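Look at the chain below and turn it slowly. We will follow a few helices, some charged pairs and one pocket.

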Amino acid sequence: MFNGLAGVVTGFVAMVSAQAAGVPGKGRVIARSVAAFMTAFYGISPVALAVDLVAGDCLSLWGGPTGVQVVVLPDLAGCATAAALFAATARRGGRRAAKPRRVAAVLVPLCLIVFLPTADLAPGEHTSAQECGFGTDVLDLQLAEVKDFGERAFLCEVRRAEAAGDSRAEDPIEMGYPGAAAEGGMADRELLAEARHRCLRSTSAEGPVRRSSRIDGALPRMCPGMVAMSQFRVLRSSLELLIEDDEDREKCRRFRHRPRAEPVVVHSKPMWTDHGILESYEGSEGAGYLLDDLGDDRLVTAKPGHLVMDVHADHVICVTGEAYARRPPLELAGWDQVVEVGYRSPTGRIRIGDPMYGGADGLPDLAFRGKGDYRVRVHYREPDWENDDRRPQQLLVIVYPGRDSRTLVLRTARGGTRI
């Protein structure tokens, strides 16, 4: 670290302490030992680069000149620091050591640097996508359909992604730094070492390192615990949604509508919407685009086969749908807006829900007489904007048979009435 600063400080302290204790020889031994360690530590990449350049044109394996500058030059500074420490601890005067001893002192660490650490920088085995064949196992954490685990399965997942030119592989660690195979990408052993590290991170409190590279895409093959963690998160999320849904139901239950006449059909449900729109869409040819028809006072608008209501997207909506055999009594008190429109149902399905989900999560059918002409009276009450627990957003939709196609604004958002 810091190009050997810690080693220099350690050698200096050892020399000063040994001089004060009257044993300067021990101080020199400690300082030279530190210098030898620094030489071995920082000398790996410069010697490996020299070996590669002598063996052939292997500069590309190091990332070109930029890679050499990033990886090798800082180590050269560390080697220079070690040499300076050797020079500072050299014996001044007195009897020189025998020549064989001096030669051995130089050759032993040099041979260790050349022949031991540099072997670890060889590219190593590189599994190809052709060796793996076609994968049939589905990698889906949420569905827990990861059946093929292990190092081989992980390597093959990564290599298939490489062969397919997966766009997730923008990971700097896979872009040809020292140790990368000549074919491109990391060698097998480096991939596995990196995967083991990320496995530990993915199941720790720190969470996964990233989810953007080929390694992370295939990581569940190496980390069965990752699948278990994902299943736990999915179950926890589902449980939280169930709790929230139950709280919404209880909230809406406190404000349920009490009809003045006996309805044929009654359905109630708390809903959320992504864009502040609830609709019933029957997919008929006559249905048109209605959002532009919603003005400040247009709570609801309709065309044959398409009914659209304007609500607020940031608050739960307590929706109640009631169907009557004949026109029910008019209710205005307590509502902020009341609008009634004529609606023609070409298929006999009036199902109110969020258009993002195709109404699948909405109310059951309110067109109790099948296809034909209906009147739809929509009541809206604003929520308590600061805390909708005190008063949630409420929507009452009343459907009854009728041929009248007029739109009646019975109560406006400003509190006025027009009957």
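Start with one face of helix H2. The residues Lys26, Val29 and Phe37 are exposed there, on the face turned away from the buried side of H2. Keep in mind that this is a predicted model.

Which residues of H2 are buried? They are Gly27, Arg28, Ala31, Val34, Ala35, Met38 and Tyr42. These residues lie on the same side of H2, because they cover an arc of only 130° around the axis. A general rule helps here. An α-helix has 3.6 residues a turn, so residues three or four places apart point the same way. The length of H2 can be checked too. H2 runs over residues 24-42 and has 19 residues, which should span 27 Å at 1.5 Å a residue. Its end C-alpha atoms are 27 Å apart, so the two values agree.

Move on to helix H5, residues 73-88. H5 has 16 residues. From first C-alpha to last it reaches 23 Å, close to the 22 Å expected at 1.5 Å a residue. In H5 the residues Asp75, Gly78, Thr81, Ala82 and Leu85 are buried. They sit on the same side of H5, because their arc around the axis is only 110°.

Now find helix H8, residues 151-163. At 1.5 Å a residue, its 13 residues should span 18 Å. The end C-alpha atoms are 18 Å apart, so H8 agrees with the expected span. The buried residues of H8 are Ala153, Phe154, Leu155, Cys156, Glu157, Val158, Arg159, Ala161 and Glu162. Two of these names, Glu157 and Arg159, come back in the next step.

That step is about charge. Side chains of opposite charge can pair when their charged atoms come close. The count for this model is 13 salt bridges. One of them joins the side chains of Glu157 and Arg221, at 3.0 Å from N to O. This pair links distant parts of the chain. Glu157 is in helix H8, while Arg221 is in the loop between helix H10 (214-218) and H11. They are 64 residues apart. Is Arg221 buried or exposed? It counts as buried, because its relative accessibility is 4%.

Arg159 has a partner as well. It forms a salt bridge with Asp188, and the closest N and O atoms are 2.8 Å apart. Arg159 lies in helix H8 and Asp188 in helix H9 (residues 188-202), so the pair ties together parts that are 29 residues apart in sequence. Both ends are tucked away from the surface by the numbers. Arg159 is buried, with a relative accessible area of 1%. Asp188 counts as buried at 6% relative accessibility.Further along the chain, the side chains of Arg406 and Asp404 meet in a salt bridge, 3.0 Å from N to O. Asp404 counts as partly exposed, because its relative accessibility is 30%. Salt bridges can also share partners: Glu340, Arg375 and Arg377 are joined into one network in this way.

Stay with helix H9 for a moment. Arg201 has its place there. At 25% relative accessibility, Arg201 counts as partly exposed. Arg201 and Met226 are 25 residues apart in sequence, and their C-alpha atoms are 9.9 Å apart in space.

Next, look at strand S6, where Arg344 has its place. Arg344 is partly exposed, with a relative accessible area of 49%. Its C-alpha is 7.6 Å from that of Lys371, and the two residues are 27 residues apart in sequence. Ala367 lies in the loop between strand S6 (337-345) and strand S7 (372-381). Ala367 counts as buried at 6% relative accessibility. The C-alpha atoms of Ala367 and Gly348 are separated by 5.7 Å, and these residues are 19 apart along the chain.

End with a pocket. What is the volume of the second largest pocket? It is about 480 Å³. The lining has 16 residues, and Asp245, Pro270, Met271, Trp272 and Asp361 lie nearest the centre. Helix H11 (224-253) and strand S1 (265-271) are the elements that give two or more residues to this lining. H11 provides the largest share, six residues. By type, the lining of the second largest pocket divides into five nonpolar, two polar and nine charged residues.

Note on methods
Residues are numbered from 1 along each chain as its sequence is written. This is a predicted model: local features need pLDDT of at least 70, side-chain atom pairs count only at pLDDT 80 or more; totals for chains, interfaces and linings use all residues. Side-chain values use heavy atoms; hydrogens and water are left out. Helices (H or I, at least four residues) and strands (E, at least two) are DSSP runs, numbered from the N terminus. The expected span of a helix is 1.5 Å times one less than its number of residues. Buried means under 20% relative accessible area, exposed over 50%, partly exposed in between (1.4 Å probe, protein chains only). The arc is that of the directions from the helix axis to the C-beta atoms. On a 1 Å grid over the protein atoms alone, a cavity is a set of points where a 1.4 Å probe fits but cannot get out, and a pocket is an open set with protein on both sides within 12 Å along at least five of seven lines; lining residues have an atom within 4 Å of a point. Grid points are joined across faces, edges and corners, and a volume is the space filled by probe spheres set on the points. Ala, Val, Leu, Ile, Met, Phe, Trp, Tyr, Cys and Pro count as nonpolar, Asp, Glu, Lys and Arg as charged, and the others, Gly among them, as polar. A salt bridge is a side-chain nitrogen of Lys or Arg within 4 Å of a carboxyl oxygen of Asp or Glu.
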